[in-house]
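This report introduces a protein structure to a reader who has not met it before. Please keep the sequence and the structure in view while reading.

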Amino acid sequence: MRIGIVPGSFDPVTKGHVDIIERSAPLVDKLVVAVFVNPGKDPWFSMAERVALLREATAHLPNVEVDSFSGLLNDYVQQRGSRLIIRGLRAFSDFEYEFQRALLLKSQEPLIETVFMMTRGEYSYISSSGVKELALFGGNVAAMVPAGVGAALQEKIRERRQRSGANGHT
């Protein structure tokens with residue numbers, strides 16, 4: 001069985017992420033979308049919330065499984081019986097970063113291959129951080145995120161404002 005892994009923090013999942021997942025799913029027997037802990041980021045959504053939003057966004061794809069993990073990606077890939085990582089790219093700047101990560105993983109496990117897939121042009125400007133910032137300041141993100149994510153973002157913004165005691169932006 002050919003198993004592909006699409007790792008990411010997905011905080012939150014965007015239509016660009018879903019595009020990569022939808023286009024990757026037919027290339028393998030099983031596609032595991034793996035939400036991971038990124039120590040360099042402070043996520044708005046909990047791991048469980050990100051998994052739930054991804055499951056909702058990919059429910060129409062029968063060979064897609066959503067999972068979560070922490071630790072080394074190469075260890076996770078091997079535990080899942082895979083040798084294939086699929087990474088989405090928006091721009092050349094993404095490629096440079098992802099290329100270095102792929103080489104680092106390859107130095108640890110030479111049998112793991114990373115495949116880069118360009119997102120469709122219509123999604124190339126969308127990033128999770130950009131979506132959060134736009135939503136925080138009242139922008140319309142409906143065209144950038146799957147159904148349900150916009151409402152989840154508004155709830156997170158409301159919670160963040162209540163915790164900070166601020167009526168304005170946090």
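The sections below cover the sheet, the nonpolar cores, the aromatic rings and the salt bridges.

**The sheet**

The structure is a predicted model. Its open sheet is built from five strands in the order β3-β2-β1-β4-β5, with parallel pairing. The edges are taken by β3 and by β5 (113-118), each with a single partner strand, so one side of each has no neighbour in the sheet. From one strand to the next, the twist averages 30 degrees. Between β2 and β3 there are six bridges, in the parallel sense. V35 has S68 in β3 as its bridge partner.

**The nonpolar cores**

In soluble globular proteins, nonpolar side chains tend to be buried together. Here the largest nonpolar core holds 34 residues, and those touching the most other members are I21, L31, V33, L54, V64, V131 and L153. Two or more residues come from each of α1 (15-24), β2 (30-36), α2 (47-57), β3 (64-69), α5 (128-136) and α6 (149-164).

Which residues does L54 contact, apart from its neighbours within four places in sequence? They are F10, V13, I21, V33, V35 and V66. A second core, separate from the largest one, has 12 residues, including V32, F36, Y76 and L105.

**The aromatic rings**

A pair of aromatic rings is described by the distance of the centres and the angle of the planes. The structure has four aromatic pairs. In one of them, F36 and F69 are tilted, at 5.9 Å centre to centre and 45 degrees between the planes. This pair links distant parts of the chain, since F36 belongs to strand β2 and F69 to strand β3, 33 residues apart.

F69 also pairs with Y76: the centres of these rings are 4.3 Å apart and the planes stand at 15 degrees, so this pair is stacked. A stacked pair requires planes under 30 degrees apart. F36, F69 and Y76 together make one aromatic cluster. F36 and F69 are both buried, F69 having a relative accessible area of 9%. Y76 counts as buried as well, at 5% relative accessibility.

**The salt bridges**

The whole structure contains 13 salt bridges. Three of them are listed here.

| Side chains | Distance, N to O |
|---|---|
| R80 and D67 | 2.9 Å |
| R87 and E98 | 2.8 Å |
| E159 and K156 | 3.5 Å |

The bridge between R80 and D67 links distant parts of the chain: R80 lies in the loop between α3 (73-79) and β4 (84-89), whereas D67 lies in strand β3, 13 residues apart. D67 is partly exposed, with a relative accessible area of 22%.

R87 and E98 likewise link distant parts of the chain, with R87 in strand β4 and E98 in helix α4 (residues 92-108), 11 residues apart. R87 counts as buried at 10% relative accessibility, and E98 is buried with a relative accessible area of 8%.

E159 and K156 both belong to helix α6, where they are three residues apart, about one turn of the helix. Is each of these two residues buried or partly exposed? E159 is partly exposed, with a relative accessible area of 25%, while K156 counts as buried at 10% relative accessibility. Elsewhere, salt bridges with shared partners join K30, E65, D67 and R80 into one network.

Definitions and conventions
Residues are numbered from 1 along each chain as its sequence is written. This is a predicted model: local features need pLDDT of at least 70, side-chain atom pairs count only at pLDDT 80 or more; totals for chains, interfaces and linings use all residues. Side-chain values use heavy atoms; hydrogens and water are left out. A nonpolar core is a set of buried Ala, Val, Leu, Ile, Met, Phe, Trp, Tyr and Cys residues joined through side-chain atoms within 4.5 Å. Buried means under 20% relative accessible area, exposed over 50%, partly exposed in between (1.4 Å probe, protein chains only). Helices (H or I, at least four residues) and strands (E, at least two) are DSSP runs, numbered from the N terminus. Contact means heavy atoms within 4.5 Å. Rings of Phe, Tyr and Trp (its six-membered ring) pair if their centres lie within 6.5 Å; planes under 30 degrees apart count as stacked, over 60 as edge-to-face and the rest as tilted. Two strands pair if DSSP finds at least two bridges between them. Axes are lines fitted to C-alpha atoms, for helices over the stretch in contact, and angles run from 0 to 180 degrees between N-to-C directions. A salt bridge is a side-chain nitrogen of Lys or Arg within 4 Å of a carboxyl oxygen of Asp or Glu.
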